[in-house]
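Hi everyone, thanks for making time for this. I'd like to walk you through a structure that may be new to you, and I'll pause for a few questions along the way.

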Amino acid sequence: MKPANIYTQKPINDRMGAIGLGTIGGMLAERGLRHNRIEPARLFVYDHHEENIQKLTDRYPEVNVCRNEAEVLGNADRLIVSIKPPGIPNLLTNLRHMYTGREERLPELYVTTSHYDDEQLAALWPKPCVSFLPTIAGVIDRGVVLAHHPAEMDNERVRLFELFMRPQCHELRWVEWSDFPAPNNLTGCAPAFVAYMVQAMADATQLSRPNMRSDELVDLAKEALISTCLLLDHRGVSPLELVSSVGSPGGITYTALSALEETFPDTFGELVRRSVKRHHQADAEAALAVEQALAGAAPAKDLPKNVTPEDVAPRV
């Protein structure tokens, strides 16, 4: 059954294109439709994996399924690219060269990666691009989305992106490009870290109570984390203030808490260091991908595989 729209504001009037409908790209398309940010008949999609397309069209059969990336481009006023970051430069250069001499007709671009800075994206695409990092918590309209746009992007373009994204998250936060790596541990990466903590809490408890089922203990750990976060919001206190209200020095809670005080700051510090280091390595890999794509950019006559010049023309 087709889900009901749950966001009352009128949809964005532009035609939207989506290349890549995996975990993140599929979520963005589905939530955009569900929140009435896009009309199904004005969404044009392509993915190499048929099953990703099927998930979307089973719920929204009016969505336009394109034969390839070029057909998406020819029909989009705004284009979301959500593929593996190393493949982005080659895709964009191939698509851009179809419009040599007609660059003003290229769509606005939103890319779900933080590995390309403003200068690199400008070399790949002639219009200002938004880089953003959705979180899988977007499937329940939660999480914080980090996003960046170049200084020359005008307010109307920024507003249109915000209209699309804000219903899909708890908060949309604009950041400087250099600020992506560390906070991403608390946004995009966080569901993995928190889920690991839930399982670790349950596993540690089961060592002392092996007669209790793992799924029961996981439920207890989940409720502990959820209720604690809600309590922090409800009371409006800092985490350390809540700590002091739960136990007292010498008590059970404080005695057990000392284990976290001895190990957790260093553990999480190492987690952030490793994450940021890998992020910078990926930035370097991305820079190389840009150089290679620009050096080997195909002339306009050399279209990507399975693409014909007719694919570039918009549908009537």
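Here is a short tour, from the sheet to the surface. Please keep in mind that what you see is a predicted model.

Let's begin with the sheet. How many strands form it, and in what order? There are 8 strands, arranged as β3-β2-β1-β4-β5-β6-β7-β8. The sheet is open, and its pairing is mixed. At the edges sit β3, residues 64–65, and β8, residues 171–174, each pairing on one side only.

Now let's look at strand β5, residues 108–111. Take its two faces: are they buried or exposed? E108 and Y110 point to one side, L109 and V111 to the other, and all of these are buried. In other words, β5 is covered on both faces.

What about the neighbours of β5? Strand β4, residues 78–81, runs parallel to β5, and 4 bridges join the two. Within that pairing, R78 has E108 as its bridge partner, and L79 stands opposite L109. Strand β6, residues 129–133, also runs parallel to β5, joined by 3 bridges. Here the partner of L109 is C129. So L109 has been mentioned twice: opposite L79 in one pairing, and with C129 in the other.

The connections are worth following by eye, too. From β4, through helix α4 at residues 88–97, to β5, you trace a right-handed β-α-β unit. From β5, through helix α5 at residues 118–124, to β6, there is a right-handed β-α-β unit as well.

Since C129 has come up, let me turn to the cysteines. How many disulfides does a search of the whole structure find? The count is 0. For C129, the nearest cysteine sulfur belongs to C66 and lies 20 Å away. C129 counts as buried because its relative accessibility is 4%, under the 20% cut-off. For C189, the nearest cysteine sulfur is that of C169, 17 Å away. C189 is partly exposed, with a relative accessible area of 23%.

Next, salt bridges. The structure holds 17 of them, and I'll pick out a few. Remember R78 from strand β4? Its side chain meets that of D14 in a salt bridge, at 2.7 Å from N to O. This pair links distant parts of the chain: D14 is in the segment before β1, R78 is in β4, and they are 64 residues apart. R78 is buried, at 8% relative accessible area, whereas D14 is partly exposed, at 25%.

Other pairs lie within a single helix. In α6, residues 155–165, E156 and R159 are 3 residues apart, about one turn of the helix. Their side chains meet in a salt bridge at 2.7 Å, N to O. Both are partly exposed: E156 has a relative accessible area of 40%, and R159 is at 38%. In helix α10 we find R273 and E270, again 3 residues apart and about one turn of the helix. Their salt bridge is 3.2 Å, N to O. Why does R273 count as exposed? Because its relative accessibility is 51%, and the cut-off is over 50%. Its partner E270 is partly exposed, at 30%.

There is also a network of salt bridges, linking E30, R31, R59 and D141.

D141 brings me to backbone angles. Most residues other than glycine have a negative phi. D141 is not a glycine, yet its phi is positive, at about 60°. D141 sits in the loop between β6 and β7 and counts as buried, at 17% relative accessibility. N36 is a similar story: it is not a glycine and has a positive phi of about 65°. You'll find N36 in the loop between α1 and β2, where it is buried, with 15% relative accessible area.

Finally, the surface. Which residues make the nonpolar patch of about 320 Å²? They are V194, M197, L260 and F264. The elements that give two or more residues to this patch are α7, residues 190–208, and α10, residues 252–295. M197 belongs to α7 and counts as partly exposed, at 33% relative accessibility. And α10 is the helix we just met with the R273 and E270 pair.

That's the tour. Thanks for listening!

Key: Residues are numbered from 1 along each chain as its sequence is written. This is a predicted model: local features need pLDDT of at least 70, side-chain atom pairs count only at pLDDT 80 or more; totals for chains, interfaces and linings use all residues. Side-chain values use heavy atoms; hydrogens and water are left out. Patches are made of residues with over 30% relative accessible area and no salt bridge: like charges are joined within 9 Å, nonpolar side chains (Val, Leu, Ile, Met, Phe, Trp, Tyr) within 5 Å. Accessible areas come from the Shrake-Rupley method with a 1.4 Å probe; for residues, only the protein chains shown count as cover. A salt bridge is a side-chain nitrogen of Lys or Arg within 4 Å of a carboxyl oxygen of Asp or Glu. Buried means under 20% relative accessible area, exposed over 50%, partly exposed in between (1.4 Å probe, protein chains only). Two strands pair if DSSP finds at least two bridges between them. A crossover is right-handed if, with the strands pointing away from the viewer, the path from the first strand over the helix to the second runs clockwise. A disulfide is a pair of cysteine sulfur atoms within 2.5 Å.
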